[in-house]
Amino acid sequence: MFDRVEIVVTGGKGGDGSVSFRREKWVPFGGPAGGDGGDGGDVIVVADSTVTSLKAFKQKRYCRAANGRNGRDKKRHGKNGENLILTVPVGTVVSYKSQIGSDTIIADLEQAGEQVVVAKGGKGGLGNAHFATSTNQAPRIAEKGEEGEENSIILELKLIADVGLIGYPNVGKSTLLAAVSAARPKIASYPFTTREPILGVVEVGQRSFVLAEIPGLIDGAHLGRGLGHDFLRHIVRTKMLIHLVDGSSSSPAEDRAKVNTELSLFDSALAKKPQLVAVNKIDLPQVRARLAEIRDSFAVAGTRALFVSAATGEGIPELMAETVNRLQSVPRPEAGGKIVRKVFHPQPRGVAPRVHKEGDTFVVTAPELERIIAGTDMVSPQVRRELGRHLVRLGVSRALAKAGVKSGDRIRCGNFEWEWE
Ligand SMILES: Nc1nc2c(ncn2[C@@H]2O[C@H](COP(=O)(O)OP(=O)(O)OP(=O)(O)O)[C@@H](O)[C@H]2O)c(=O)[nH]1
Ligand SMILES: [Mg+2]
């Protein structure tokens, strides 16, 4: 009962910081003026009530947000990359796909407008204007923009029932569901045969809707009796209800009133949901004999009851036609409450520098240093001196010392190799 797609989402890359110096007519030695790169855009999944399926992603498996623009001279900041918004139907569950072990659910987008960031864009690199100090007025160092996050995610559409099929146990809910859909719930002449909600798709002419049997509603269900309590919340999101009562019960109208009381005690909004009442089992002679009496007892309560037999199919087409009619005029209720924006970070960021040895070479893993190296022309001796200061600032020198580095050893970070002094 799930529609499911797997996609790869990538945040935009951050723009590179710029190395540049002020050049003005009356200023002989202009200061550093390299602007920062813009941030890469995020990939955001948003629930939208006008979207009805995940079909759009069958063709679009790779989704990438825009990159940030590079920083420019005169301290001009590069433009941020635009976020990429992926719209999905309300009721989509978003999970992070794990290569090892089980996937992690990161958001259940239950309301229109709810959203989750599934891949953060990379931060823009700092321009050289940021690296000026009292002792170094002309830094030639700038940061490269950070790569955006890349994640494999799974979008799953929870089928939300349009119509809830409710009523006391044993009234014939499963029999009705089996008669109108391809669902095959267990049917038996004792209560609580059905132990969890069962969904079926009902087709009526050109239209279709999802019908859910809500099991286990009994007196005290709102207090946790029976099974119904767990399932009452499923009813909240349906558009309307079919309330089935057993025609062979001593008082069908009273049965309905009692179940409705349970609904309103659980959530007053449930009691206001549109309801079609259907009296079942009219094939039984003792029920047929009382039809007028039962009709009147519902009329007294201000309700028009339909009469059906789930077993023989009598009255079922009329009940389904009426359901489709009513559905057209009911909007899906939006659950109240604030719209939440969730951010998901599977990978920790800003990790401490690490050092490991490959042969005689000490290899440094330090994202921030790698970005500086990648964004800077490392040839000039002046730049090399500056690099030394950043090694200290970022804790790389300490990590190397701990790893036992000596003067003359080879060090590598990113694509740059040098000798330790
Ligand atoms: N004569 C007659 N019996 C019916 C009819 N509908 C259901 N039954 C019988 O009523 C009993 C209960 O039917 P189910 O469909 O399992 O009822 P349910 O409401 O799903 O019950 P639970 O899931 O146990 O709460 C079974 O023995 C059915 O055969 C009907 O229209 N006429
Ligand atoms: Mg059942």
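Here is a short chat about a magnesium ion and a ligand in a predicted model.

Visitor: What should I know before we start?

Guide: Residues are numbered from 1 along each chain as its sequence is written, while chains are lettered from A and ligands numbered from 1 in the order in which they are written. In this predicted model, local features need pLDDT of at least 70, side-chain atom pairs count only at pLDDT 80 or more, and totals for chains, interfaces and linings use all residues, while side-chain values use heavy atoms, with hydrogens and water left out.

Visitor: What makes Ser174, Thr194 and Glu213 donors of the magnesium ion (ligand 2)?

Guide: Donors are N, O and S atoms within 2.8 Å of the metal (3.2 Å for Na, K and Ca), and water is not among the atoms, so sites may look incomplete. Ser174 (OG), Thr194 (OG1) and Glu213 (OE) lie 2.0 to 2.3 Å from the ion, so they qualify as donors.

Visitor: Why does the pair Ser174 and Thr194 tie together separate parts?

Guide: Ser174 lies in helix 2 (residues 173-180) and Thr194 in the loop between helix 2 and strand 10 (198-204), so the parts they join are 20 residues apart in sequence. Helices (H or I, at least four residues) and strands (E, at least two) are DSSP runs, numbered from the N terminus.

Visitor: Are Ser174 and Thr194 buried or exposed?

Guide: Both are buried, meaning under 20% relative accessible area, with exposed over 50% and partly exposed in between (1.4 Å probe, protein chains only).

Visitor: What makes Gly172 a polar contact of ligand 1?

Guide: A polar contact is a pair of N or O atoms within 3.5 Å; within protein, one must be able to donate a hydrogen and the other to accept it, and residues adjacent in sequence count only if both atoms are side-chain atoms. A backbone N or O atom of Gly172 is 3.0 Å from an oxygen atom of ligand 1, so the pair fits.
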